[in-house]
Amino acid sequence: MIRIISALLIGVAALVPVTAGATSPIRLADDAPDSHMVVPGDTLWGISGKFLKEPWRWPEVWRLNREQIRNPHLIYPGQVIVLDRSGPTLKLGKRVGGLPDRPLYEKRFPQVYSEPDKAAIQSIPLRVIAPFLSEPLVVTDKDDSSAGILVATQEGRVFTSAGDTIFATRITPETRTWNLYRKARPLKEPVTGEILGYEAVHLGVAEVNADPEADKLAAAESKPGTVVPTSLMVLSAKQEIGKGDRLLPAGRPELPSYVPHAPEKDLSGRVVSIYNGVSETGRYHVVSISLGKQDGMEVGHVLALHRNRGEAVYREDNVGTPQRFRLPEQRYGLVFVFRVFDRLSYALVMDNLGAVAVADSVRKP
């Protein structure tokens with residue numbers, strides 16, 4: 001588990017070909033510095049924002065290829081990022097001399113560093129999304145109909161918590177660890193009202209601790225037609241767990257390469273919900289959008305947020321027939337897709353000017 005978490009925190013500074021997702025020439029920020037000293041808490045996205053007007057395009061200015069994704073370069077606090085304006089390109093550098101206000105740097109290409117105890121900076125702030133990587137965020141009616149069901153609790157308690165025993169049906173013996181969830185509100189497309197999935201409330205994790213001999217004895221002593229449930233121990237509980245709650249197999253957190261890139265084709269969807277049920281949100285908060293695997297979405301896609309300004313009605317001099325005007329949308333931010341389901345995706349708000357609201361549009365930037 002420690003290795004998994006470490007891999008999550010390291011993220012990946014892995015890159016894609018220079019042309020992938022490129023829609024226009026790379027533009028430098030108006031006040032782009034010649035260099036930047038990496039400090040703890042930096043992210044590749046944040047550093048690139050100092051140099052580029054579109055920070056999500058940092059993979060293009062590092063000039064690495066897909067083969068190097070397998071052996072990504074790591075950037076550590078104390079190192080220097082140097083801007084070559086002729087490309088533009090970003091490179092690692094090392095100070096070799098010069099005056100305090102006019103330092104000189106030796107340019108170096110990104111490389112693998114053998115410093116396992118030193119925390120590399122992250123592509124994006126992974127601490128924000130780590131809890132969302134293994135929990136069942138979205139379930140369908142099909143998932144729900146095949147999920148395990150909690151039918152009894154230890155000593156008949158109404159609710160149970162970590163360390164207690166629970167009993168569930170439809171548990172496959174070869175799967176040891178299970179996520180407990182409660183299906184909450186439906187996630188609907190904001191305009192059509194179509195249900196795209198159901199947001200699951202993650203309750204905790206349980207592990208099978210059944211005794212095969214005891215199960216056989218219970219089955220032998222049961223009346224015909226009686227089902228003997230599987231016993232599990234609750235390993236962790238985020239909320240109260242009770243009868244009727246569901247269980248799905250718990251998988252390991254996905255460890256994808258968080259490489260920001262634009263979709264290859266034009267995509268258009270909407271913000272469906274804001275995690276935790278608030279009406280508006282901002283930077284480093286999680287939203288769901290109405291685009292999924294069926295639409296060609298993949299982890300790492302960057303989408304632009306557009307404000308839906310609605311319509312206005314105007315009647316000149318208060319006479320004649322009123323005219324209805326559809327107001328143009330306003331681009332005001334970016335989201336980074338980190339988990340994809342069939343018809344929905346979860347994304348992290350990376351940049352925004354103004355609050356992000358349900359029904360705002362998301363499109364290829």
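**Tyr 346 and its surroundings**

Good morning. I begin with a single residue: Tyr 346 is buried, its relative accessible area being 0%. Please bear in mind that this is a predicted model.

What does Tyr 346 form with Phe 341? The two make an edge-to-face pair, because their ring centres are 6.2 Å apart and their planes stand at 75°. Phe 341 is buried, as is Tyr 346.

A search of the whole structure yields three aromatic pairs. In one of them, Tyr 275 meets Tyr 346 edge-to-face, with 6.4 Å from centre to centre and 75° between the planes. Tyr 275 belongs to the loop between strand E14 (268–274) and strand E15 (280–281), whereas Tyr 346 belongs to strand E21, so this pair ties together parts that are 71 residues apart in sequence. Taken together, Tyr 275, Phe 341 and Tyr 346 form one aromatic cluster.

Let me now turn to the strands. Strand E21, residues 345–352, runs antiparallel to strand E20, residues 330–340, and seven bridges join them. Within this pairing, Val 335 faces Val 349 of E21. In general, strands of a sheet pair through backbone hydrogen bonds, in either a parallel or an antiparallel manner.

Where do E20 and E21 stand in the barrel? Six strands close it in the order E14-E16-E21-E20-E17-E23, with antiparallel pairing. From one strand to the next, the twist averages 45°.

Finally, I mention two charges placed over rings. The charged end of Lys 183 is located over the ring of Tyr 198, at 4.3 Å from its centre. Arg 57 lies over the face of Trp 56, and here the distance to the ring centre is 6.0 Å. Thank you.

Key: Residues numbered from 1 in each chain as written. Predicted model: local features only at pLDDT ≥ 70, side-chain atom pairs only at ≥ 80, totals over all residues. Heavy atoms only, no water. Pairing = 2+ DSSP bridges. Helix = DSSP H or I, 4+ residues; strand = E, 2+ residues; numbered from the N terminus. Axes fitted to C-alpha atoms, helices over the stretch in contact; angles between N-to-C directions. Phe/Tyr/Trp six-rings, centres within 6.5 Å; stacked < 30°, edge-to-face > 60°. Buried < 20%, exposed > 50% of the residue type's maximum accessible area, 1.4 Å probe, protein only. Lys NZ or Arg CZ within 6 Å of the ring centre and 35° of its normal.
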